[in-house]
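Let's take a walk through this protein together, starting with the overall layout and then zooming in on a few spots. Have the structure open beside you as you read.

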Amino acid sequence: MFCKYCRYEYQNDNVKFCPSCGKKLKDESTKVVSSNSSSVKPEEPKVVYYDLSALCMQFKFDSSYCEFVCPTNETKSSKCSSAIKKFNIDNKERIYLIYDTTFLGLCTHGFAICSSGIYGRDEYNKNFYIKWDKFKSCVYKKSLLGNLKIDNFEFSMPIITSENDIKSIIQIFDAIKSSI
């Protein structure tokens, strides 16, 4: 099938967002259920590879604290390698976005958007993992001090971080939540 906006050819019929331009491909209300199936169970909502990649790229922003990762690339950057180690990311995960809140880029604190959820390490050196099904009920926001909070995990944002970083991260989180 082809994206009607950028003409990118994609193979997976379950893709909701174009992997190339990030625009929404299908309207959820147009799903057709066969009339001869008496007990059709709705499919468990999942965030698919193409959705995550497209969602992260749709709200891509320029920040030295953020790295957008090509999940099919076998060559890992030093930030990606640090995130895997410091955030305890499973080796089978695909990583799409890393946000490192440390000044030196060592991934001592921050989070990564991965194929099965969000891995991270907060300001109190507490590692966490939030599966996508739990993320549906997560609260994330900018705190009164200007930090980013994901449920009970808080990240001190670097002083020189632009206001757009938190805004863009929240847009990405909103898009992911609405696609789950």
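Four helices and eight strands make up the secondary structure of the protein. Keep in mind that what you're looking at is a predicted model. If you trace the chain from start to finish, the pattern reads α-β-α-β-β-β-β-α-β-β-β-α, with a helix at each end of that string.

Next, some overall figures. The protein has 180 residues, and 43% of them count as buried. Its accessible surface comes to about 10,600 Å², and carbon and sulfur atoms account for 50% of that. What about links between distant parts of the chain? Take the contacts between residues at least 6 apart in sequence: 46% of these join residues at least 24 apart.

Now look for the sheet. Five strands build an open sheet, lined up in the order S1-S2-S3-S4-S5, with antiparallel pairing. At the edges you'll find S1 (66-68) and S5 (127-131); each has a single partner strand, so one side of each is left without a neighbour in the sheet. Going from one strand to the next, the twist averages 10°.

Let's zoom in on one pair. S4 (residues 117-121) and S5 run antiparallel and are joined by five bridges. To pick out one of these, find Gly117, whose bridge partner in S5 is Lys131.

Two helices are worth finding against this sheet. Helix H2 (residues 78-86) lies across S1, S2 (95-100), S4 and S5, and runs at about 85° to S2. Helix H4 (residues 163-179) packs on the sheet too, touching S1, S2, S3 (110-114) and S4. The direction of H4 makes about 35° with that of S3.

Stay with helix H4 for a moment, since Ser168 lies in it. Is Ser168 buried or exposed? The cut-off for buried is under 20% relative accessible area, and Ser168 has 9% relative accessibility, so it counts as buried. Which residues does Ser168 touch, leaving aside its neighbours within four places in sequence? The contacts are with Phe59 and Phe61.

Finally, move on to the segment after H4, where you'll find Ile180. Ile180 has 16% relative accessibility, and therefore counts as buried as well. From there, look across to Phe135: the two residues are 45 residues apart along the chain, and their C-alpha atoms are separated by 8.9 Å.

Definitions and conventions
Residues are numbered from 1 along each chain as its sequence is written. This is a predicted model: local features need pLDDT of at least 70, side-chain atom pairs count only at pLDDT 80 or more; totals for chains, interfaces and linings use all residues. Side-chain values use heavy atoms; hydrogens and water are left out. Buried means under 20% relative accessible area, exposed over 50%, partly exposed in between (1.4 Å probe, protein chains only). Contact means heavy atoms within 4.5 Å. Accessible areas come from the Shrake-Rupley method with a 1.4 Å probe; for residues, only the protein chains shown count as cover. Two strands pair if DSSP finds at least two bridges between them. Axes are lines fitted to C-alpha atoms, for helices over the stretch in contact, and angles run from 0 to 180 degrees between N-to-C directions.
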